[in-house]
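This report concerns a single protein chain, with attention to charged side chains and cysteines. The sequence and structure are shown below.

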Amino acid sequence: MLANFLRAGLHASCQVVLAPAKPSSRRNKTPLHTHTVATHASLNSGHALACTGSSEPAGAQLQTGKKRSLRRSQARAHRPLCLAPCCANAADSQGPAETGSSGGEQPQEYILVNTYHLVDVADPRAVVEEHRKYMQANKLDIRGRIYISAQGLNAQFGGTSEHALQYVTWLKDQQLWKDLRYSVWPAEGHMFPKLRLKYKPNLISLAGGLADLPITNPEARATPVSPKKWKEMAAEAEAKNVVMLDVRNDYEWDAGHFRGAARPAEEEFNDTPVGEGVEGLPAPLRNIDPETPVMMMCTGGIRCDVYSTLLKAKGFKNLYTLEGGIQNYFRQEGSDYWDGSLFVFDGRMALSPEEARNGTVAKGPRPAAVPCQICGSPDSEVPHVNCANIDCNELFIACAKCKQELNGCCCQECMQAPRLLRPAKFGGGNYGTWNTYTNSTSESFLSPKAREGRVARRARRRENLKLRHQKIVEERAARKTMMREAMAKLMNAQELPADAGRQQAESGSRESVSV
């Protein structure tokens with residue numbers, strides 16, 4: 001349980017958020033051993049807890065009698081809460097959100113863990129099997145993505161606090177991962193449908209791969225700065241001609257971004273330029289002095305660390321990354337110099353600065369940084385919505401009105417699609433596999449599109465989006481032409497009586513002269 005873990009002490013760099021308990025009728029130094037836990041005023045504040053130092057393994061029983069009872073009651077009063085509405089459809093979440101027993105026990109506490117660690121790994125496949133065997137032997141119910149390569153580990157996973165923290169503790173007890181940093185977030189149930197523990201040649205996707213980039217060498221990466229220092233730099237960025245470089249996907253920027261950071265030209269990070277010359281640089285860095293300070297930002301930090309090695313190799317000397325990523329900035333500094341919310345890659349799909357700062361869960365939608373991408377209304381909201389038409393699957397931001405009117409689709413055309421199978425999800429959550437929503441073996445369901453690869457589907461979505469945008473531009477141009485023609489006719493209609501009046505006046509003046 002999370003309370004036991006706090007009693008035993010947390011490992012270096014861990015951050016834990018506790019939120020006030022949801023009403024339920026049934027979602028840094030010297031602790032108790034060698035390490036203390038520093039809090040904001042008290043447990044009852046409901047704010048973030050942060051700690052540093054080393055500790056005994058989770059679950060050590062260091063409190064007894066009345067002290068232990070008091071700790072248990074405090075833990076029950078501050079159960080971690082979900083950062084986004086859970087999936088309402090049990091088939092979509094592919095498992096129960098909570099598994100509390102009926103014997104009077106409290107429902108189990110769930111958390112999310114985000115971490116990455118760049119280090120040379122001699123035999124990554126063997127390490128993957130070692131992790132798999134540990135989880136199986138200890139029957140850990142962990143779900144999420146855990147990728148291991150020859151250059152380290154990248155993981156976002158969740159589970160009961162007992163299981164997730166046990167796994168993290170085991171990780172940090174190993175020499176290979178002893179310097180691993182991680183953050184912990186409250187959740188209500190599983191935020192991932194399943195576990196993907198696997199070897200990957202590249203921890204993240206980037207054109208050309210990562211094998212030739214010295215990402216495990218801290219000297220080859222950008223300089224990390226604390227959220228406090230980042231805030232100071234952001235305040236002076238415009239005056240000092242600092243470039244704000246957002247290396248996330250374009251749809252992440254739409255959910256929220258730092259002021260002064262241009263929208264990425266690339267739909268996904270995988271498309272970020274890596275070639276030679278000016279064309280091999282992101283648009284904000286083209287034709288600027290390599291001495292120009294560049295502030296790089298991403299969700300958790302790994303994309304910035306990786307891409308900064310490439311930019312350093314190209315001659316950029318003053319590169320800075322946000323320590324712990326945007327989510328860590330929220331936790332420590334709130335929403336200063338930020339617009340909108342943060343896109344996250346789990347069942348929550350969105351995180352507001354207030355949630356991260358206060359350790360609370362938002363009720364309802366969060367604000368987006370761009371207008372509704374269907375009607376242009378400023379009342380747009382996140383989480384994003386995946387088009388309910390499986391063959392489209394477009395990820396978009398909309399206002400509440402458009403979501404309801406289009407029933408989760410991105411356009412009128414998709415509402416008539418033959419494979420409109422999935423329910424509309426307006427509050428985040430995991431979708432099930434396609435066959436979750438149908439037992440059909442009809443020709444439409446088994447069409448070639450169902451067997452397309454990810455790259456082919458992405459290319460087709462881009463082409464459809466391009467055509468849709470082109471149609472919108474043409475419609476706007478047609479409306480402008482129509483308006484100009486209407487105005488011209490109106491002006492002509494007004495000028496005709498004026499001309500007739502002038503002619504009559506001229507005729508009258510000629511008659512008076514002749515008299």
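How many salt bridges does a search of the whole structure find? The search finds 15 salt bridges in this model, which is predicted.

**Salt bridges**

Three of these pairs are set out in the table, with the distance between the closest N and O atoms and the relative accessible area of each partner.

| Acidic residue | Basic residue | Closest N and O atoms |
|---|---|---|
| Glu236, 39% | Lys240, 54% | 3.0 Å |
| Asp250, 13% | Arg263, 39% | 3.7 Å |
| Asp339, 30% | Arg259, 45% | 3.0 Å |

In the pair of Lys240 and Glu236, the lysine counts as exposed, whereas Glu236 is partly exposed. Asp250 forms a salt bridge with Arg263. Asp250 belongs to helix H8 (residues 250-255) and Arg263 to the loop between strand S10 (256-258) and strand S11 (294-297), so this salt bridge ties together parts 13 residues apart in sequence. Asp250 is buried because its relative accessible area, 13%, is under 20%; Arg263 is partly exposed.

The salt bridge between Asp339 and Arg259 links distant parts of the chain, 80 residues apart: Asp339 is in strand S13 (residues 338-340) and Arg259 in the loop between S10 and S11. Both Asp339 and Arg259 are partly exposed. Elsewhere, Lys231, Glu333 and Asp336 are joined into one network by salt bridges that share partners.

**A positive patch**

On the surface, a patch of positive charge brings together Arg476, Arg479, Lys480 and Arg484. Lys480 is located in helix H14, which spans residues 454-514. With a relative accessibility of 56%, Lys480 counts as exposed.

**Cysteines**

A disulfide is a covalent bond between the sulfur atoms of two cysteines. The count of disulfides in this model is zero. Why is the sulfur of Cys387 not bonded to the closest cysteine sulfur, in Cys414? The two sulfur atoms are 3.7 Å apart, too far for a bond, because a disulfide requires them to be within 2.5 Å. Cys387 counts as buried, at 0% relative accessibility. Cys298 is also buried, with a relative accessible area of 2%.

**The chain as a whole**

The protein chain contains 14 helices and 18 strands. Of its 515 residues, 46% are buried. Its accessible surface comes to about 25,500 Å², and carbon and sulfur atoms account for 52% of that area.

Technical notes: Residues are numbered from 1 along each chain as its sequence is written. This is a predicted model: local features need pLDDT of at least 70, side-chain atom pairs count only at pLDDT 80 or more; totals for chains, interfaces and linings use all residues. Side-chain values use heavy atoms; hydrogens and water are left out. Patches are made of residues with over 30% relative accessible area and no salt bridge: like charges are joined within 9 Å, nonpolar side chains (Val, Leu, Ile, Met, Phe, Trp, Tyr) within 5 Å. Accessible areas come from the Shrake-Rupley method with a 1.4 Å probe; for residues, only the protein chains shown count as cover. A salt bridge is a side-chain nitrogen of Lys or Arg within 4 Å of a carboxyl oxygen of Asp or Glu. Lys and Arg count as positive and Asp and Glu as negative; His and the chain ends are not counted. The place of a charge is taken as NZ of Lys, CZ of Arg, CG of Asp or CD of Glu. Helices (H or I, at least four residues) and strands (E, at least two) are DSSP runs, numbered from the N terminus. Buried means under 20% relative accessible area, exposed over 50%, partly exposed in between (1.4 Å probe, protein chains only).
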